[in-house]
Amino acid sequence: MTGEALPGRPGTLTPEQEEKLREFWIATLQVFGVLDPKEVNGNGLSEIGNGRARTDTATSNKPEKEKKKKRISLFRSKNKDDDTDSVTSTESSPHSAVADSDDKYGQTKEFHEALASLTPETLRATFWSMVKHDHPDSLLLRFLRARKWDVEKALVMMVSTMRWRSADVHVDDDIMKNGELSSLEAANGSDHSKRRLGEDFLAQMRLGKSFLHGVDKNGRPMCFVRVRLHKQGEQSEESLERYTVFVIESARMVLQPPVDTACVVFDMTGFSLANMDYAPVKFMIKCFEANYPESLGVVLVHKAPWVFQGIWKIIKGWLDPVVASKVQFTNNVEEMEAYVPKPQIIHELGGAEDWTYKYIEPVPGENDIMKDTATRDKLLLAREEIVNEYEKATLEWIRGTGDVEVVKNNRNEIASKLKVDYWGLDPYIRARSYYDRVGMINPGGRVQFYPPKEEMAIVPATVPAGAEKVSPPVAATNGVNVETSEADLD
């Protein structure tokens, strides 16, 4: 495991990168209605234009006419009734700045729709819901790195992602809030559509089609996808997408800085054309490229059979070159050892770790604490105070007021408070999951990637006694198929 922070993260930013982060915060706080555009123009801050933002000191030697051009805002549009600038206007938008080649998922359109349909307050609330236990700077930096430090493109990507989370897939107000127990209740209910959705979701959890377990050599959480367990048409498209988002979001919960990416292992053992389904593959690619940027550390395609080579050529054509470069092929344990220590390679892949996925069912009552809405609301109000404190400190940093290092340290201290605060709030807003029940995610955000077997049977305190014991996992055996190398697939 490495404990070194990678470039482009909090604490490792170059002066140029820090300036880009500052510019991104200026644009973000304008979208949220926290920073007045008039202040941006009048107090030494320049608005975003053509993917650039500068302080007045950076343009002080330029002719006055050129300075004004630099200040054309991403959002600038005169209100007919007064002289203020509208932060939600898209008349002078980033549409022309984001080339079609950089917008294969139509995020510019989604950006416009978000600004037109969502209030600044809603956008702000969605952002802070998305932050969870992350350092807020870390979240913004993901989008900046994904868009090669172009502030304008990063803003389009982030706002469209916020819209996707809140309006399209409902990550925080449905998938993670209701969780597995809600699916179990729906599966046992009388509503046919909800019952099918619940059954489909639980079927994938019980199969272990995808699961999180352990870490690779770089300390990255590993997500295993057992491709042979998927059959086209067995689950609805909606349930496949909910399950995919659930797994990705669960992986976010176990990221611990400086580690901020995951290792995804596609176990192709026993793969046949009956397992191939392009729709969920496309959705997964979109998630990682458009909505969870900079989240993949490495993708291991393990024991890919010969028949996969034609499929890979198609999939590779869909991938962003940066994402495609992270895909590596392994055919045996020795090759996988380049990425995962042999003692940490699970037994079913030929490794030494005696561990097998076995689903532990949700237990009635495990989410009862979520019914305590009075406590939840008090915690949310307390969190709002910390958020306000962070935004205030960010404005001081943006304006350059006070001792620079003191201001930076203050922001980081408040970010740490936000992290601790989130884990106090978490049981009230996120349903318990398999990863809570096996002891991977523990109270206070303590993560154990290899929980002792005796701890794996421990159920969160909110679960009634008598539901604590689970059967020991049973090892699975898998067939061997013809293998191929990365060179063969190219």
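Over the ring of which residue does the charged end of Lys 282 sit? The partner is Trp 318, and the charged end lies 4.8 Å from the centre of that ring. A second contact of this kind joins Arg 411 and Trp 397, where the charged end is 4.4 Å from the ring centre. Please keep in mind as you read on that this is a predicted model.

**The chain as a whole**

The protein chain folds into 19 helices and five strands. It has 490 residues, and 53% of them count as buried. Among contacts with a separation of 6 or more, 75% are between residues 24 or more positions apart.

**Aromatic pairs**

Let us turn to the rings. Searching the whole structure gives 18 aromatic pairs. One of them is formed by Phe 32 and Phe 127, a tilted pair with 5.3 Å from centre to centre and 50 degrees between the planes. Phe 32 belongs to the loop between helix 1 (15–31) and helix 2 (37–42), while Phe 127 belongs to helix 6 (residues 120–131), so this pair ties together parts that are 95 residues apart in sequence. Phe 32 is buried, at a relative accessible area of 5%, and Phe 127 is buried too, at 0%.

Trp 164 and Tyr 292 make another pair: their ring centres are 6.0 Å apart and their planes stand at 90 degrees, so the pair is edge-to-face. Here helix 8 (residues 151–168) supplies Trp 164, and the loop between helix 12 (278–291) and strand 4 (296–302) supplies Tyr 292, so parts 128 residues apart in sequence are tied together. Trp 164 is buried, with 4% relative accessible area, and Tyr 292 is likewise buried at 4%.

Beyond pairs, one aromatic cluster is formed by Phe 211, Phe 224, Trp 355, Tyr 357, Tyr 359, Tyr 434 and Tyr 435.

**Two helices**

Where does helix 9 bend? The bend is at Gly 179 and comes to about 85 degrees. The end-to-end distance can be set beside it: the 17 residues of helix 9 (residues 171–187) have end C-alpha atoms only 20 Å apart, short of the 24 Å that a straight helix would reach at 1.5 Å a residue. Gly 179 itself is buried, and other buried residues of helix 9 include Val 171, Ile 175, Met 176, Leu 181 and Leu 184. The cover over the buried residues of this helix includes helix 6, helix 8, helix 10 (192–207), helix 11 (237–253), helix 17 (404–429) and helix 18 (434–437).

Helix 11 gives another result for its span: 17 residues at 1.5 Å a residue should reach 24 Å, and its end C-alpha atoms are 25 Å apart, which agrees. Helix 11 is also mostly covered, with 14 of its 17 residues buried.

**Cysteines and strand 4**

Why do Cys 223 and Cys 263 not form a bond? The sulfur of Cys 223 has its closest cysteine sulfur in Cys 263, at 9.1 Å, and that is too far for a bond, since a disulfide needs sulfur atoms within 2.5 Å. The count for the structure is zero disulfides. Cys 223 is buried at 11% relative accessible area, and Cys 263 is buried at 0%.

Cys 263 also touches Val 298, a residue of strand 4. Val 298 is buried, with a relative accessible area of 6%. Among the other residues that Val 298 touches are Asp 216, Arg 220, Lys 326, Gln 328 and Tyr 339. Val 298 and Asp 216 are 82 residues apart in sequence, with 9.7 Å from C-alpha to C-alpha.

**Backbone details in the loops**

The peptide bond from Pro 257 to Pro 258 is cis, with omega near 10 degrees. Pro 258 lies in the loop between helix 11 and strand 3 (262–267). The table gives two residues that have a positive phi although neither is a glycine.

| Residue | Phi | Loop | Relative accessible area |
|---|---|---|---|
| Lys 132 | about 50 degrees | between helix 6 and helix 7 (136–146) | 7%, buried |
| Glu 294 | about 55 degrees | between helix 12 and strand 4 | 23%, partly exposed |

Glu 294 is in the loop between helix 12 and strand 4, and Tyr 292, the edge-to-face partner of Trp 164, lies in that loop as well.

Key
Residues are numbered from 1 along each chain as its sequence is written. This is a predicted model: local features need pLDDT of at least 70, side-chain atom pairs count only at pLDDT 80 or more; totals for chains, interfaces and linings use all residues. Side-chain values use heavy atoms; hydrogens and water are left out. Rings of Phe, Tyr and Trp (its six-membered ring) pair if their centres lie within 6.5 Å; planes under 30 degrees apart count as stacked, over 60 as edge-to-face and the rest as tilted. Helices (H or I, at least four residues) and strands (E, at least two) are DSSP runs, numbered from the N terminus. Buried means under 20% relative accessible area, exposed over 50%, partly exposed in between (1.4 Å probe, protein chains only). A charge sits over a ring if NZ of Lys or CZ of Arg is within 6 Å of the ring centre and within 35 degrees of the ring normal. The expected span of a helix is 1.5 Å times one less than its number of residues. The bend at a residue is the angle between axes fitted to the seven residues ending there and the seven starting there. Contact means heavy atoms within 4.5 Å. Lists of a residue's contacts leave out its neighbours within four places in sequence.
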